[in-house]
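User: Could you take a close look at one part of this fold for me? I'd like to see how a single helix sits against its surroundings.

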Amino acid sequence: MERQYRLKKNRAFQYVYRRGQSAACRDLVMLHAKGRELKVGFSVSKKVGNAVTRNRIKRRLRECFRPCLGDVKTGLYVIVARPSAAKATFQSLKKDVRYLLKKQGALKEGNRAE
RNA sequence: CGAGGUGAACAGGCGAUCGCGUGGCCUGAAAGGGUCAUGAGGAAAGUCCGGGCACCACAGAGCAAGGGUGCCGGCUAACGGCCGGCGGAGGCGACUCCAGGGAGAGUGCAACAGAAAGAAACCGCCCGCUUUCCGCAGGGAAGGCAGGUAAGGAUGGAAAGGCGAGGUAAGAGCUCACCCGCGGGACUGGUAACUUUCCCGCGCUGUAAACCCCACCCGGUGCAAGACGCAGGAGGCCAGUCGGUUGCUCGCCGCAGCCCUCCGGGAUCGCUUGAGCCAUUCGGUAACGAAUGGCCUGGAUAGAUGAUCGCCCCAUACAGAACCCGGCUUACGGUCACACUCGCAUA
RNA sequence: GGCCCCGUGGUCAAGAGGCCUAAGACAUCGCCCUUUCACGGCGGUAACUCGGGUUCGAAUCCCGACGGGGUCA
């Protein structure tokens, strides 16, 4: 279920980086490009930390995004973690993701379930 | 009680809700859904060694180049690893550490200092000859010349065995006793390295993580290897100065096609049962080996283990498999054991 | 994931066992020159990535860490 909403190819990431609109906060950067499907990708560079730290951030971000899947408009999203995200708690990451989605205007109006 | 030494296992657990990968089963035309299992480490790390495996010819032969290892015996698939021993170094000790062959093959280097850095005469000491001076004389003093001499001297990391006695003009392993070191031989013990005792000879600087010599080992590339399959584009090569294959020689194979190279695309296999893990017994000081019984224990591909809550004393450091094993090294948390050591106190 | 290379002042760099108390250039600081600035001249500050080992002696040789970079689909 999760996997089909995942952004995979490097070319797709490059497309979003080139065409997407960005919004940022202290720990995260979100890029958004329009599209027919809903795809989400996560990018955590080596500057953030070692393999354990990066994996933990990616897992947390996936978990943050999961409850929002039904409320989000279609399109390509890339969430980039900044180095300070290594110290952030799950709660603050969750708040940041919601805030950024709102800022992008990506949330659907009303609660139409999928 | 304090300070150490050695060794061992562990790497939070349980419950609840939501979520993810893989496998089996059920359901479904399919997409999918349900259910049951299972799901990161001692270092998964660094990539420093050794293998398996794959391709290069069934990976071959010789020489060279290059690289590695280096006390002895054993273990191992193999190793630069491990175990036991020997020698040396450190520590009061338990114990720890050591690239630990050869400098009686050759070459090089040893700055500065010092007379001199491999076999040395600057100062000093001494015999002889000689000049001058002093003295009645024996003789003495100063200088010169030619020799002898490594006992003493500032230097240096290192100065030509140490100390004592004899000896001498002065001295000197020149001779002797004791000690130290090296080489050879015999002997004791040991598979061996080595060692005990004795005899003979010698007194030779250090450096091989300088070149080198000796002994032994090593073909190359690495799962982004490669296999299968799809089929598109560009280029190359016709028998020798060709390619496969770092040099040479040999040998083998290929050469107008079922070939080679490059670019583009796909992600089926390789992909997890293995020098496997656990228990018991036996052999061995040990590393390890053997027998019997039991177990199946990740396989992802933007890359699966998370989030929240409660309890257990507050609870956790270093850290994430990417073909697979055996080591080494590095990072790191608390715990336990010892008829292991030292010190203090008490009995 | 594999393979390969490199670490010397703030930057670019030479040095390859002793002459290193580490060359040089740019930058920086002070002084001189100039009415002033620039140019120029003189002088100063400032470095061998870290930890062990070999050696009498290590930036240099060996081992191990750490950091940086390249390359392979």
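Analyst:
**Helix 3 and the sheet beneath**

Strand 1 and strand 2 run antiparallel, joined by four bridges; strands are DSSP E runs of at least two residues and helices H or I runs of at least four, numbered from the N terminus, and two strands count as paired if DSSP finds at least two bridges between them. In that pair, A23 faces M30 of strand 2. Helix 3 packs on the sheet and touches strand 1, strand 2 and strand 4, with its direction at about 35° to that of strand 2. Contact here is heavy atoms within 4.5 Å, and angles run from 0 to 180 degrees between N-to-C directions of axes fitted to C-alpha atoms, for helices over the stretch in contact.

A quick word on ground rules: this is a predicted model, where local features need pLDDT of at least 70 and side-chain atom pairs count only at pLDDT 80 or more, while totals for chains, interfaces and linings use all residues. Residues are numbered from 1 along each chain as written, chains are lettered from A and ligands numbered from 1 in the order written, and side-chain values use heavy atoms, without hydrogens or water.

Now the sheet itself. It is open, with four strands in the order 1-2-4-3 and mixed pairing. Strand 1 and strand 3 (38–44) are its edges, each pairing on one side only. Neighbouring strands are turned by 20° against each other on average, ignoring direction. Helix 2 lies across strand 2, strand 3 and strand 4, at about 155° to strand 3.

Back to helix 3, residues 90–104. Its 15 residues should span 21 Å at 1.5 Å a residue (1.5 Å times one less than the residue count), and the end C-alpha atoms are indeed 21 Å apart. L93, D96, V97, L100, L101 and Q104 are buried, meaning under 20% relative accessible area, with exposed over 50% and partly exposed in between (1.4 Å probe, protein chains only). Seen down the axis, these buried residues fall within an arc of 130°, so they line one face of the helix; the arc is taken from the directions between helix axis and C-beta atoms. The general reason is that an α-helix has 3.6 residues a turn, so residues three or four places apart point the same way.

What covers that buried side? The cover includes strand 1 (21–24), strand 2 (28–33), helix 2 (51–65) and strand 4 (75–81). The face turned away carries the exposed Q91, K95 and K102. After helix 3 comes G105, with a positive phi near 70°.
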